[in-house]
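Hi,

Here is the model I said I would pass on. Have a look at it first, and then read my notes underneath.

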Amino acid sequence: MGSGNGLAIATTNERTGVRACPGHMGIANFCGPKQFERLESVMVPMRVPAGGFLFWEGDEAEHAYYVRNGRVKLRKSTEDGKEYILSILQAGDMICEFAAGQSGLQYAFTAEVTDNAEIGVISRHELEAAMRQDGELAFGFMGWMAYNHRVTQSKFRDLLLFGKPGALASTLIRLSNSFGVAEAYGIRIDMKLTHAELADFIGATRESVNRMLNEFKEKDILDFRYGKIIIRSLSALQQVCRCNTCPTCPEEICRI
């Protein structure tokens with residue numbers, strides 16, 4: 001799992017106006033300017049306040065959603081009532097849960113807006129028509145889907161192979177790559193996360209996450225300021241999840 005130096009500072013994409021941390025790869029990175037303009041031309045703008053929902057797990061997947069700004073949390077429920085956080089999307093990301101030519105598919109997760117967001121909504125039929133007319137756009141979508149597949153594979157690796165401490169360390173590194181801000185005292189993860197939410201990322205209990213966080217704090221790996229997590233020793237977290245043994249997972253793959 002790659003993390004570079006973890007000193008992520010937001011920058012602006014001149015073509016899309018999207019602000020994101022270095023290494024962030026949104027759909028625009030896989031499209032040429034003309035293809036992205038074509039994609040934007042079929043988007044219907046929608047503002048969603050924090051706490052709102054784009055869709056629920058099990059809803060029919062008839063639309064794709066492009067995040068212009070704000071943040072969207074993807075979460076999945078199990079039959080026994082447990083919830084897992086799959087990802088937190090930021091500006092430039094896209095949700096597309098249908099395949100060309102297929103209908104009746106359902107969303108496999110729920111999309112909840114956590115920060116006031118501006119969303120571009122694209123109907124399945126409009127997107128399919130645009131890709132049929134523009135082969136470069138379709139090719140870009142293939143690259144974007146392959147990229148998301150690599151991100152998911154790298155998450156599974158860290159969640160399954162190195163126990164709960166490794167899974168938590170990996171999640172913190174990924175959060176720093178996605179939302180980290182360099183400060184004199186360390187890397188500040190620029191979002192407030194409860195211990196319960198961190199537990200939902202790795203399939204653990206809140207109590208076990210609380211214990212692991214306290215252990216990291218005692219070892220001066222982490223600190224907490226104003227309700228936010230500060231990573232004081234990125235290299236120590238990398239050792240916990242054997243980050244340096246995964247050269248196939250660069251920073252743009254090591255995302256939350």
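The part I'd start with is an open sheet of four strands, in the order 9-10-12-11, with antiparallel pairing. Keep in mind throughout that this is a predicted model. The edges of the sheet belong to strand 9 (180-183) and strand 11 (222-225); each has a single partner strand, so one side of each has no neighbour in the sheet. On average, and ignoring direction, neighbouring strands here are turned by 30 degrees against each other.

Strand 12 (residues 228-231) is a good one to click through. It pairs with strand 11 in the antiparallel sense, over four bridges. Within that pairing, Arg 225 has Lys 228 of strand 12 as its bridge partner, and Phe 224 stands opposite Ile 229. Strand 12 also runs antiparallel to strand 10, and two bridges join them. There, Ile 187 is bridged to Ile 231 of strand 12.

And which way do the residues of strand 12 point? Lys 228 and Ile 230 go one way, Ile 229 and Ile 231 go the other, and all of them are buried. Yes, that includes the lysine: Lys 228 is among the buried residues.

Now the turn between strands 11 and 12. The hairpin has two residues between the strands, and Tyr 226 takes a positive phi there, near 50 degrees. Tyr 226 sits in the loop between the two strands, and with a relative accessible area of 78% it is exposed, because the cut-off for that is over 50%.

Tyr 226 has some company in its backbone angle. Asp 220 also shows a positive phi in a residue other than glycine, near 60 degrees. You will find Asp 220 in the loop between helix 6 and strand 11. At 43% relative accessibility, Asp 220 is partly exposed.

On to the helices. Helix 4 (residues 163-179) lies across strand 9, strand 10 (186-189), strand 11 and strand 12, and it runs at about 85 degrees to strand 10.

Helix 4 also packs against helix 6, at an angle of about 70 degrees and with the axes 11 Å apart. The two helices are therefore roughly perpendicular to each other. On the helix 4 side, Lys 164, Pro 165, Leu 168 and Leu 172 do the meeting; on the helix 6 side, it is Val 209, Met 212, Leu 213 and Phe 216. By class, that contact has seven nonpolar residues, no polar ones and one charged.

Helix 6 (residues 206-218) has a second contact worth a look, with helix 5 (residues 195-202): their axes come within 8 Å and cross at roughly 105 degrees. That angle makes helix 5 roughly perpendicular to helix 6. From helix 5 the contact uses His 195, Ala 196, Leu 198, Ala 199 and Ile 202, and from helix 6 it uses Arg 206, Val 209, Asn 210, Met 212 and Leu 213. These residues divide into seven nonpolar, two polar and one charged. If you compare the lists, Val 209, Met 212 and Leu 213 of helix 6 turn up in the contacts with both helix 4 and helix 5.

Away from that region, have a look at Val 42, in the loop between helix 1 (33-41) and strand 3 (44-48). Is it buried or exposed? Val 42 is buried, with a relative accessible area of 17%. What does Val 42 touch, leaving aside its neighbours within four places in sequence? The answer is Val 121, Ile 122 and Glu 126. The first of that list is 79 residues away along the chain, yet the C-alpha atoms of Val 42 and Val 121 are separated by 8.1 Å.

Last, the cysteines. How many disulfides does a search of the whole structure find? Zero. As for burial, Cys 31 is buried at a relative accessible area of 7%, and Cys 254 is buried too, at 0% relative accessibility.

If you open just one view, I'd pick strand 12, with strand 11 paired to it over four bridges and strand 10 joined to it by two.

Cheers

Notes
Residues are numbered from 1 along each chain as its sequence is written. This is a predicted model: local features need pLDDT of at least 70, side-chain atom pairs count only at pLDDT 80 or more; totals for chains, interfaces and linings use all residues. Side-chain values use heavy atoms; hydrogens and water are left out. A disulfide is a pair of cysteine sulfur atoms within 2.5 Å. Buried means under 20% relative accessible area, exposed over 50%, partly exposed in between (1.4 Å probe, protein chains only). Axes are lines fitted to C-alpha atoms, for helices over the stretch in contact, and angles run from 0 to 180 degrees between N-to-C directions. Angles under 35 degrees count as roughly parallel, over 145 as roughly antiparallel, 65 to 115 as roughly perpendicular and the rest as oblique. Contact means heavy atoms within 4.5 Å. Ala, Val, Leu, Ile, Met, Phe, Trp, Tyr, Cys and Pro count as nonpolar, Asp, Glu, Lys and Arg as charged, and the others, Gly among them, as polar. Two strands pair if DSSP finds at least two bridges between them.
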